[in-house]
Amino acid sequence: MAVKNRIADMQPEIAAWRQDLHAHPELRFDLPRTTAKVAGLLRDFGVDEITEGVGRAGIVAVIRGRRTDSGRVLGFRADMDALPILEATGADYASQVEGKMHACGHDGHTAVLLGAAKYLAETRNFDGTVVLAFQPAEEGGGGARAMIEDGLMDRWGIQEIYGLHNFPGIPVGQFAIKDGPMLAAADFFEITVRGKGGHGAQPHVSVDSTLAGAAIVMAMQQVVARNVDPLQPAVVSMTGFQTETMAHNVIPASVKLTGTVRTFHVPTKELVRDRMKAIAESTAAAYGAEVDFAYFDGVLPTINATDPTGYARAAAESVTGQAPLDLPPSMGGEDFSEMLAVRPGAFIILGNGPSADLHHPEYNFNDEAIPAGSSWFATLAEQRMPLSN
Ligand code: NI
């Protein structure tokens with residue numbers, strides 16, 4: 001097998017949808033043009049059901065196979081949102097909205113799944129049901145969780161869920177996947193250190209929040225080095241340090257520290273969070289200061305289930321004629337993790353060729369990856385839900 005011939009023929013049409021989405025990027029849940037385009041195309045394809053406004057701005061579409069005796073229901077997800085970045089690709093279909101761009105290739109993910117939808121609605125060579133989930137707000141905002149809370153899995157009876165993400169540096173149209181944890185939980189925190197403001201010339205009558213904050217930044221590096229199991233991946237990055245005033249002669253009354261925590265396992269995350277809180281409080285106390293420690297749970301770790309990873313791998317191999325690459329785990333985060341936390345499934349990486357990095361102003365989705373991506377979804381449906389004779 002290989003890339004589906006019908007899908008290869010559709011590549012220019014799918015690329016045109018992609019470039020149109022690219023020219024009109026929209027953010028988070030505010031996707032009126034994008035969702036109108038996606039829903040309009042799905043209607044043209046003749047899918048069996050379309051529901052808009054799922055999880056505020058998500059779209060769910062249903063395509064039933066020639067038979068549905070198997071009772072099997074596969075979910076396929078694509079994200080639709082762009083980023084607040086000023087585009088610098090120079091493409092003739094570059095963003096027409098200053099300060100917004102499709103810098104993570106979600107335009108490509110949406111177009112790839114639309115291509116698969118058109119093929120599947122035409123051919124229906126499977127025994128079961130495909131549920132397409134076009135998701136808002138992957139780039140912050142919790143779009144996956146919003147769709148799940150609106151009943152994505154239960155209302156449509158999804159049994160397994162699959163998705164893909166393009167990745168620069170992997171040969172275009174090649175796949176990479178990993179069984180088990182592949183992307184990290186991504187949390188963030190904000191620590192306010194409260195001292196007693198005063199004159200820079202009279203430190204002895206103030207409580208120096210800058211000094212206490214600096215000590216906390218240094219002490220936080222001990223959590224991963226001294227508390228976390230060396231065989232468990234974890235990152236604590238203190239990324240922001242903001243004093244209340246920048247005057248040369250004022251000791252500020254408070255400072256604010258921000259940062260991110262990346263982990264793969266819940267017990268590690270909880271250990272890191274609890275140690276950070278204890279260190280922040282006790283270090284501040286050593287300087288006579290106090291802290292407000294706020295920790296926010298971000299996305300869960302992205303964990304592929306074993307059997308679905310096998311199906312995803314087999315479909316990729318059918319499309320490209322070679323086994324997918326082994327993907328090293330990364331401390332990046334992805335909110336498809338929320339879907340994998342409630343249903344077995346798999347997330348696969350689709351090579352974007354030698355492009356700029358994700359979230360870079362010169363990044364662009366590679367339209368040459370479309371036939372492989374759309375064929376992967378289509379092949380997965382046909383292989384996982386075969387029509388028996
Ligand atoms: Ni992305």
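The following exchange goes through some of the terms used for this structure and the values behind them.

Reader: What kind of model is this, and how are its residues numbered?

Author: This is a predicted model, in which local features need pLDDT of at least 70, side-chain atom pairs count only at pLDDT 80 or more, and totals for chains, interfaces and linings use all residues. Residues are numbered from 1 along each chain as its sequence is written, and side-chain values use heavy atoms, with hydrogens and water left out.

Reader: How many helices and strands does the chain have, and what makes a run of residues count as one?

Author: Helices (H or I, at least four residues) and strands (E, at least two) are DSSP runs, numbered from the N terminus; by that rule the chain has 10 helices and 16 strands. Its C-alpha atoms fill a box of roughly 85 × 45 × 35 Å along the principal axes.

Reader: Why is Arg-124 called buried and Arg-28 partly exposed?

Author: Buried means under 20% relative accessible area, exposed over 50%, and partly exposed in between, with a 1.4 Å probe and protein chains only. Arg-124 has a relative accessible area of 18%, so it counts as buried, whereas Arg-28, at 43% relative accessibility, counts as partly exposed. Of the 389 residues in the chain, 54% are buried.

Reader: What is notable about the phi values of these two arginines, and where do they lie?

Author: Most residues other than glycine have a negative phi. Arg-28, in the loop between H1 and H2, has a positive phi near 50°, and Arg-124, in the loop between H3 and strand E4 (129-135), has a positive phi of about 55°.

Reader: How do you know that the length of helix H2 is close to what is expected?

Author: The expected span of a helix is 1.5 Å times one less than its number of residues. Helix H2 (residues 32-45) has 14 residues and reaches 20 Å from its first C-alpha to its last, close to the 20 Å expected.

Reader: What puts the buried residues of H2 on the same side?

Author: The buried residues of H2 are Thr-34, Thr-35, Val-38, Ala-39, Leu-41, Leu-42 and Phe-45. They cover an arc of only 160° around the axis, and therefore lie on the same side of H2, the arc being that of the directions from the helix axis to the C-beta atoms. Pro-32 and Asp-44, on the other side of H2, are exposed.

Reader: Why is H3 described as largely enclosed by the rest of the structure?

Author: It is described in this way because 17 of the 18 residues of H3 are buried.

Reader: What makes a space a pocket, and how much space lies in the largest pocket?

Author: On a 1 Å grid over the protein atoms alone, where a 1.4 Å probe fits, a pocket is an open set of points with protein on both sides within 12 Å along at least five of seven lines, and lining residues have an atom within 4 Å of a point. About 770 Å³ of space lies in the largest pocket, and 34 residues line the largest pocket, with Glu-138, Val-299, Gly-332, Gly-333 and Glu-334 nearest its centre.

Reader: Which domains contribute to the lining of the largest pocket?

Author: Domain 1 (2-183 + 301-384) and domain 2 (185-299) each give at least three residues to this lining, the domain bounds coming from an automatic or database domain assignment.

Definitions and conventions
Points joined across faces, edges and corners; volume = space filled by probe spheres on them.
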